[in-house]
Structure formats: C-alpha cells, structure tokens
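Dear colleague,

I am handing over the structure we talked about, and below it you will find an account of what was found. Please read the two side by side.

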Amino acid sequence: MRRQFLTASLIIFMVQFGLLFVTQSMNWLFFITVPLFILGVYDMFQHHHTIIANYPIGGRLRYVMEVLRPKIYQYFIESDTDGTPISRIYRSVVYQRAKDTLSTTPFGTQLDVYETGYEWINHSMNPLNPEEAHDINLRINVGGENCKKPYSLSVFNISAMSFGALSSNAIMALNRGAKLGGFAHNTGEGSISEYHLRYGGDIIWQIGTGYFGCRADDGGFDADKFKERAHLESVKMIEIKLSQGAKPGHGGILPASKNTQEIAKARGVKPHTEVDSPPRHRAFKGLDGLLDFIVKLRELSGGKPVGIKLCVGIPEEFEELCKLMNEKNIVPDFITIDGGEGGTGAAPIEFSNSIGMSLRDGLIIATDLLREYGLRDKVKILASGKILTGFDIIRCISLGADACYSARGMMLALGCIQALECNKNTCPTGVATQDKGLVRGLVVEDKYVRVANYHRKTVESVTEILGAVGLHHTKELNRNHVWRRVSPTIARTYEQLFPTKVMGSKL
Ligand SMILES: Cc1cc2nc3c(=O)[nH]c(=O)nc-3n(C[C@H](O)[C@H](O)[C@H](O)COP(=O)(O)O)c2cc1C
Ligand code: SF4
C-alpha cells in the first residue's frame with residue numbers, strides 16, 4: 001500500500017507500452033507515467049525526506065498539503081495554538097530549529113496575553129550584551145560527596161525512550177546528535193543496545209522494574225550484569241525509574257511479537273517471549289530499600305552518579321523519603337521529576353489523563369520538601385514534561401529544577417509529525433516503529449544533525465533569555481522571575497503563589 005502510486009504508474013506504463021504495439025501510436029498517458037515512475041524510483045532511494053522515501057510519489061502530497069495547510073487551517077479549522085498534545089506553533093519551532101532555518105516569527109505573539117494561565121518572564125533594564133550572554137556556560141555538575149565520577153550535564157538532554165519504543169535508526173540519530181552537541185541521551189527502560197554505543201554519545205542508563213540489561217533469569221536484578229554495563233565508558237549516570245508521568249504506577253508488557261532478536265539482546269531476555277515489567281521494583285523493599293539500592297548501584301558502577309525518576313504522587317511519601325535521606329545520610333545524586341503531561345509509547349488513557357501530578361506542581365512540592373529538609377543543595381533536580389523551548393527550560397529552572405529533559409521535542413527533531421501511531425508499529429516517519437521498511441526512511445546521517453541543531457538552538461535561546469533578564473547563569477533564576485496571569489486582571493509571580501520554603505525549616 002505504501003507504494004501504490006509507484007505501482008500504479010508502472011502498471012499504466014506497461015499497459016500503454018503494450019498498446020503501443022497494437023495501435024502503433026503513443027497515448028498522452030505514456031508521457032505522464034514514465035516520468036512519474038522515474039520520480040518514484042528516485043523518491044525511494046533519496047535520503048533527505050523520510051516520508052517521500054517510505055511513500056514514493058504519494059509522500060510528496062504531504063509537502064503540498066504542508067504548504068496549503070496553514071491557510072486552510074487558519075481560515076476553516078482552528079488556530080495554530082490549538083493542536084494537541086503539542087500545538088502547531090511549538091512543533092514548528094522544533095522543526096525550524098532542527099533544520100536550522102528561520103528562527104523568528106512575524107507580526108507579534110499569537111498567544112492571548114490576558115488569558116488566565118498565560119506565563120512570562122520580565123526583562124531587565126540592564127540586559128547583557130551578546131558577547132557576555134555568549135560566554136554563559138550552562139552545564140551543571142551532577143554527583144554528591146559519595147560520587148567518584150561526577151558528570152557535567154547539559155541544561156537540556158534527551159529523555160528516556162527505549163530501543164523498542166523507538167527504532168534503531170532513531171536511537172542512532174539521537175545518540176549521534178548527543179555526541180555532536182555534547183549532551184546526554186537517556187536509554188529508557190529498554191537498556192543499552194548496540195545502537196546506543198555506535199557513536200559514543202553520553203548515556204544515562206535507566207533501570208526500570210524489568211531490569212533490562214541487568215536482569216537475572218527469574219526477572220530480578222543481577223549485580224554482575226549491572227556492573228559490567230555500568231562500567232562502559234559511554235555510561236555517565238544511572239537512573240532508577242520508579243514511575244513516569246504518562247503512566248505512573250503502571251507496569252509494562254513487552255509482547256512476544258515485539259520481542260525481536262535485536263531487542264531481546266539489548267534487554268538480556270529470551271527472544272519471542274512475553275516479558276513483563278511490574279509496577280514496582282523487586283530488587284528492594286520500600287523507600288528505605290531504595291536508598292540502600294542507590295548506594296549499591298553507585299558502588300557497582302565505580303562511583304557514577306545514581307538518581308531516581310518519578311512522577312510525584314502522594315506528597316507525604318516524598319516527605320517520608322526526605323526524612324529517610326537525612327536519617328540514613330543517603331542522598332541520590334539527582335532526582336528526575338516527570339509530569340503527568342509527559343509522553344509515552346503506549347499507556348492506558350486513564351493513566352495518561354488522570355493519574356499523577358503535573359510537572360509544575362510536582363516540581364514545586366519536591367523542591368520545597370528538599371529545601372525544608374535541608375537537602376536541596378545535595379541533589380540535582382532534572383525535569384521533564386512538555387519542555388520544548390528556551391522559555392520552558394527557564395520556567396522549570398525558576399521553579400526549582402537544575403536541568404531539563406525532552407522526549408517528544410527530540411522526536412519532533414527526528415521528523416515525527418505527531419501522527420499519533422507510536423503504539424501501532426506504523427509510525428510513518430520511522431521514529432517509533434520496528435517495521436524495517438519504515439525505519440529505513442529515517443536516515444541517521446541527516447537526522448542526527450537536526451537533533452544537535454534543535455538542542456543547540458534551544459540552549460542558545462536559554463542564554464538569550466538570561467541575557468535579556470540580566471542574569472549570567474540559570475542558577476540565579478528563582479520563582480520571582482516567572483509571572484502567571486491568575487485572572488484577566490491579576491498576575492502573580494510564582495514566588496507569590498508558592499513562596500520558597502526556608503532551607504532546613506523542618507529539621
Ligand atoms: C515514545 C516514548 C517512550 C518513552 N519511554 C520511556 C521509558 O522507557 N522510560 C521512562 O522513564 N520514560 C519514558 N518515556 C517518557 C519520557 O522519558 C518523558 O518522561 C516524558 O515523555 C515527558 O517528556 P516530553 O513531554 O518531553 O515527552 C517515553 C516517552 C515517549 C514519548
Ligand atoms: S510520527 Fe506519529 S507515530 Fe511516529 S513518532 Fe511521531 S507521533 Fe509517533
């Protein structure tokens with residue numbers, strides 16, 4: 001079906017060719033189908049446009065529709081700010097940055113700045129000069145006092161997405177982009193595959209409840225297997241996944257049909273069998289056990305930073321964790337807070353729509369509690385959940401984060417068109433599928449540069465915003481910087497809405 005235009009042109013051409021012998025005259029269709037067929041063959045083998053490679057001739061209609069779309073959309077359907085989960089306006093920003101094309105918008109904002117919920121940051125009367133802003137170094141050091149191999153982390157990184165959810169070419173393009181741009185690539189639960197290692201980009205190895213890559217035969221944790229992989233040069237940090245915003249408290253099943261030879265090899269499981277990831281870990285019991293497990297992984301990895309990822313749920317549990325950190329004097333090197341608005345390859349709709357705290361609320365609760373228990377300076381906070389632009393990063397850091405992750409932003413940079421078929425193995429752009437025919441259309445050589453471009457331009461935007469505010473580092477940001485309209489006539493800073501807690505006030 002993907003090649004219907006190519007096949008149709010070939011059939012019509014052959015029929016015409018046959019008729020040529022009977023009628024001894026050429027039909028006008030002959031002159032259309034020959035060039036069409038040549039164009040189709042060219043489309044199949046060109047490397048610049050995934051859609052055209054996967055859908056020869058027909059794929060070109062997408063680009064025609066792309067050109068017409070803004071007009072049809074503007075006059076008949078909806079505004080550029082409406083599309084979900086990521087509106088057209090932000091998808092376009094990612095595409096433009098990834099392709100390193102036009103980076104400005106005309107005629108002023110399309111947002112309603114008087115609408116409740118509108119947010120902004122105020123500039124200074126003494127902004128930095130471009131040279132001063134250019135010198136801003138936004139990297140942060142991750143690794144507490146017990147960590148022997150701290151890691152210098154970019155302010156913007158690739159969030160967890162497994163090989164399995166994403167294709168081999170997508171993984172390679174992400175990792176090579178990370179290498180080019182000097183940022184980190186989180187493996188997701190699916191562990192480290194050969195595609196993560198081919199280009200040497202920095203890796204954050206995520207350990208989920210399936211313990212893929214360090215899994216014992218009974219489905220538990222295998223310390224020797226963990227040690228071996230954790231010592232790989234590319235592995236810079238370890239992230240223990242407790243939950244993710246799109247499906248907190250929900251395990252996952254890798255169906256036998258998806259458990260291919262390649263995926264099984266990366267995950268350390270038997271191919272063509274069903275493998276489950278339960279909702280909770282069996283390598284440790286409760287929060288007390290979690291802290292001991294962190295120490296264990298830090299030791300086994302030779303002292304690399306070890307952190308946890310969670311979507312904040314019951315606040316009292318997070319408070320309990322803070323108390324235990326003080327009691328046991330064990331602190332993770334970093335905590336990733338994921339928001340309920342976060343993405344996934346596949347999840348039940350109730351879990352995506354109605355379970356778990358959204359990023360800004362979770363971030364505020366977590367950083368407040370860490371301050372109250374005197375722990376905020378000992379741990380770095382990473383944030384994820386619809387972070388796409390420089391302002392999104394600035395806002396998260398103002399609320400309490402140190403650095404950010406993006407998953408879907410990076411997918412868009414790879415060419416994702418938000419077709420929303422990630423769970424069907426039919427992703428038309430080759431990003432979220434294992435169909436070899438579709439994966440082939442995603443050309444690593446082309447797409448890794450786009451990933452690096454998107455990262456670079458977004459970080460440049462962060463420095464430009466800091467410059468406009470007159471600041472030299474994201475560390476100077478706080479809740480006073482970001483404003484939120486709480487009614488058409490009233491605006492408040494985040495500090496007024498959520499006053500920063502006094503350090504150590506609950507000790
Ligand atoms: C295709 C896909 C696969 C994902 N796989 C994982 C995973 O293996 N582990 C995890 O912790 N989060 C996973 N996530 C969640 C992201 O890492 C991230 O937390 C979430 O999408 C929020 O970021 P975003 O809004 O930038 O997409 C996945 C997300 C997507 C879109
Ligand atoms: S193009 Fe569609 S199916 Fe492919 S990654 Fe994007 S949203 Fe998922």
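For the sorting of residues used here, Ala, Val, Leu, Ile, Met, Phe, Trp, Tyr, Cys and Pro count as nonpolar, Asp, Glu, Lys and Arg count as charged, and the others, Gly among them, count as polar. By that sorting, the shell around ligand 1 divides into four nonpolar, twelve polar and six charged residues. Please keep in mind throughout that this is a predicted model.

Let me begin with the ligand. Ligand 1 is surrounded by 22 residues, of which the closest are S159, A160, Q206, K386 and R408. Two of these closest residues come up again when individual atoms are considered: a backbone N or O atom of A160 lies 2.6 Å from an oxygen atom of ligand 1, and a polar side-chain atom of R408 lies 2.7 Å from an oxygen atom of the ligand. In the case of D338, an N or O atom of the side chain is 2.9 Å from an oxygen atom of ligand 1. As for how far the ligand is enclosed, ligand 1 has 600 Å² of accessible area on its own, and the protein covers 97% of it.

The second topic is the domains. According to the domain assignment, the protein chain holds domain 1, covering residues 4-77, and domain 2, covering residues 134-497. Their centres, taken over C-alpha atoms, are 42 Å apart, and ten residues of domain 1 are in contact with 13 residues of domain 2.

Between them, domain 1 and domain 2 bury about 860 Å², with 45% of that area on carbon and sulfur atoms. On the side of domain 1, the residues that lose the most area to domain 2 are H47, T50 and N54, which together make up 49% of what that side buries. What kinds of polar pairing are counted between domain 1 and domain 2? There are zero salt bridges between the two domains, whereas five residue pairs, with both residues at pLDDT 80 or more, are in polar contact.

With best regards

Note on methods. Residues are numbered from 1 along each chain as its sequence is written. Chains are lettered from A and ligands numbered from 1 in the order in which they are written. This is a predicted model: local features need pLDDT of at least 70, side-chain atom pairs count only at pLDDT 80 or more; totals for chains, interfaces and linings use all residues. Side-chain values use heavy atoms; hydrogens and water are left out. A residue is near a molecule or strand if one of its heavy atoms lies within 4 Å of it. A polar contact is a pair of N or O atoms within 3.5 Å; within protein, one must be able to donate a hydrogen and the other to accept it, and residues adjacent in sequence count only if both atoms are side-chain atoms. Accessible areas come from the Shrake-Rupley method with a 1.4 Å probe; for residues, only the protein chains shown count as cover. Domain bounds come from an automatic or database domain assignment. Contact means heavy atoms within 4.5 Å. Buried area is the accessible area (1.4 Å probe) that two parts lose on being put together, summed over both. A salt bridge is a side-chain nitrogen of Lys or Arg within 4 Å of a carboxyl oxygen of Asp or Glu.
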